Amino acid sequence: MNDLTGKAVAVKKRYEKQWLGISGVTAVGLGMINNKPGIIISIERDAEKMRALIPADVEGIPIEIRLSGNLSAL
């Protein structure tokens with residue numbers, strides 16, 4: 001694991017519970033954003049409102065908001 005990947009994992013662990021507590025956030029995961037490790041936050045709706053609540057990066061790790069709709073397990 002490289003330094004940026006390790007940092008992305010640590011940032012996700014620190015903020016995941018907070019982000020999942022925001023109404024409309026369905027998942028928080030790790031992925032590549034512009035060829036760098038980042039955090040992907042999946043939401044049900046209203047990406048503009050979410051961008052006001054979730055910054056574009058945290059501690060130098062990029063955050064991408066993706067509209068996923070409602071997720072449910074089978």
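Colleague: Let me begin with S3 and S4. What makes you say that these strands pair?
Modeller: In this predicted model, strand S3 (residues 57-58) and S4 are joined by 2 bridges in the antiparallel sense. Pairing asks for at least two bridges, so the 2 bridges here satisfy the rule. One point to look for on screen is aspartate 57, which stands opposite proline 62 in S4.

Colleague: And what lies between S3 and S4 in their hairpin?
Modeller: There are 2 residues between S3 and S4. Glutamate 59 sits in that turn and has a positive phi of about 55°.

Colleague: How do you know that S2 and S4 pair, and in which sense?
Modeller: S2 and strand S4 (residues 61-67) share 5 bridges, in the parallel sense. The cut-off is at least two bridges, so S2 and S4 count as paired. To trace the match, find isoleucine 41, whose bridge partner in S4 is isoleucine 65. Then find isoleucine 43, which stands opposite leucine 67 in S4.

Colleague: What joins S1 to S2?
Modeller: Strand S1 (residues 25-33) is joined to S2 by 8 bridges, and these two strands run antiparallel. With at least two bridges needed, S1 and S2 therefore pair as well. Glycine 31, for example, has glycine 38 as its bridge partner in S2. S1 and S2 also form a hairpin with 2 residues between them, and asparagine 34 in the turn has a positive phi of about 50°.

Colleague: How covered is S2?
Modeller: Mostly covered: 7 of the 8 residues in S2 are buried.

Colleague: Take serine 42. Why is it called buried?
Modeller: Serine 42 has a relative accessibility of 14%. Buried means under 20%, so serine 42 falls in that class. Serine 42 lies in strand S2 (residues 36-43).

Colleague: Which residues does serine 42 touch, leaving out those up to four places away in sequence?
Modeller: Serine 42 touches Gly24, Val25, Thr26, Ala27, Arg66 and Ser68.

Colleague: Let's turn to the aromatic rings. How many aromatic pairs are there?
Modeller: The count comes to 1 aromatic pair. That pair is tyrosine 15 with tryptophan 19.

Colleague: What makes tyrosine 15 and tryptophan 19 a pair, and why is it called stacked?
Modeller: The ring centres of tyrosine 15 and tryptophan 19 are 5.4 Å apart, and the limit is within 6.5 Å, so the rings pair. The planes make an angle of 20°, and under 30 degrees counts as stacked, so that label follows.

Colleague: How are tyrosine 15 and tryptophan 19 placed in helix H1?
Modeller: They are 4 residues apart in helix H1 (residues 3-20), which means a separation of about one helical turn.

Colleague: Are tyrosine 15 and tryptophan 19 buried or partly exposed?
Modeller: Tryptophan 19 has a relative accessible area of 2%, which is under 20%, so tryptophan 19 is buried. Tyrosine 15 has 23%, between the 20% and 50% limits, so tyrosine 15 is partly exposed.

Colleague: Stepping back, in what order do the elements run?
Modeller: From the N terminus on, the order is α-β-β-α-β-β. That gives 2 helices and 4 strands.

Colleague: How do you know whether the protein agrees with a compact globule?
Modeller: For 74 residues, a compact globule would have a radius of gyration near 11 Å; the protein has 12 Å, so the two agree. Buried residues make up 31% of the 74.

Technical notes:
Residues are numbered from 1 along each chain as its sequence is written. This is a predicted model: local features need pLDDT of at least 70, side-chain atom pairs count only at pLDDT 80 or more; totals for chains, interfaces and linings use all residues. Side-chain values use heavy atoms; hydrogens and water are left out. Buried means under 20% relative accessible area, exposed over 50%, partly exposed in between (1.4 Å probe, protein chains only). Contact means heavy atoms within 4.5 Å. Rings of Phe, Tyr and Trp (its six-membered ring) pair if their centres lie within 6.5 Å; planes under 30 degrees apart count as stacked, over 60 as edge-to-face and the rest as tilted. The radius of gyration is taken over C-alpha atoms; the globule rule is 2.2 Å times the number of residues to the power 0.38.
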